[in-house]
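User: Could you take a close look at one part of this model for me, the largest cavity, and then show me how the elements around it sit on the sheet?

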Amino acid sequence: MAELTVRAELGALTAIADFLAETLAGCGDELVFAIQLAVDEACSNIVLYGYPGEPGSITIACTADDDTVRVTITDDGVPFDPLTAPPPPLDVPVEERPIGGLGIHFIRTVTDSVAYAREGERNVLSMEKKRPASP
């Protein structure tokens with residue numbers, strides 16, 4: 001398992017994307033992009049909303065086996081279960097939609113499973129994506 005801990009700041013998103021690209025090298029560009037998108041959306045929300053005062057930290061743990069990529073994002077920000085967010089109203093014209101809500105939709109769309117738990121004082125978001133079968 002590879003792990004990275006960063007300060008919960010927008011500038012850390014590039015380091016997170018690079019960490020995922022390096023960790024998942026050889027898993028296929030499409031899978032790496034999907035994981036990067038999901039993790040970027042989750043971490044952006046943590047940075048923007050998880051720490052009303054001083055930024056804390058975000059830890060990304062990533063494993064890839066023959067079948068599945070697993071990513072766990074842990075932070076000690078305010079408790080928030082993103083899975084309780086309602087789906088965005090995609091049937092409404094863009095200009096009439098409320099701002100926000102698409103990040104969690106993207107996470108649900110590009111991963112095969114996502115789970116949330118509050119463990120002590122930490123948010124734990126776990127995501128999995130199946131690897132495509134080799135030709």
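Analyst: Sure, starting with the cavity: the largest one has a volume of about 40 Å³, where volume is the space filled by probe spheres set on grid points joined across faces, edges and corners. A cavity here is a set of points, on a 1 Å grid over the protein atoms alone, where a 1.4 Å probe fits but cannot get out; lining residues have an atom within 4 Å of a point. Searching the whole structure turns up one cavity of 30 Å³ or more.

Before going on, a caveat: this is a predicted model, so local features need pLDDT of at least 70 and side-chain atom pairs count only at pLDDT 80 or more, while totals for chains, interfaces and linings use all residues. Residues are numbered from 1 along each chain as its sequence is written, and side-chain values use heavy atoms, with hydrogens and water left out.

The lining is made up of Leu13, Ile16, Ala17, Leu20, Gln36, Val39 and Asp40. Two elements, α1 and α2, give two or more residues each to it, and α1 gives the most, with four. (Helices are DSSP runs of H or I, at least four residues, and strands runs of E, at least two, numbered from the N terminus.) By class, you get five nonpolar residues, one polar and one charged; Ala, Val, Leu, Ile, Met, Phe, Trp, Tyr, Cys and Pro count as nonpolar, Asp, Glu, Lys and Arg as charged, and the others, Gly among them, as polar.

Now for where those helices sit. Helix α1 (residues 12–23) lies across β1 and β2, at about 175° to β1. Helix α2 (residues 29–49) covers β2, β3 (68–75) and β5 (122–130), running at about 10° to β3. Contact means heavy atoms within 4.5 Å, and axes are lines fitted to C-alpha atoms, for helices over the stretch in contact, with angles from 0 to 180 degrees between N-to-C directions.

As for the sheet itself, it is open, with five strands in the order β1-β2-β3-β5-β4 and antiparallel pairing; two strands pair if DSSP finds at least two bridges between them. β1 (2–7) and β4 (113–119) are the edge strands with a single partner each, so one side of each has no neighbour in the sheet. On average, neighbouring strands are turned by 15° against each other, direction ignored.

At the β1 edge, six bridges join β1 to β2 (residues 57–64) in antiparallel fashion, and threonine 5 stands opposite threonine 59 of β2. At the β4 edge, seven bridges link β4 to β5, again antiparallel, with tyrosine 116 partnered by leucine 125 in β5. β4 and β5 form a hairpin with two residues between them, and glycine 120 in the turn has a positive phi of about 65°.

Terms used:
1 Å grid on protein atoms, 1.4 Å probe; cavity = no way out; pocket = protein on both sides within 12 Å on 5 of 7 lines; lining within 4 Å.
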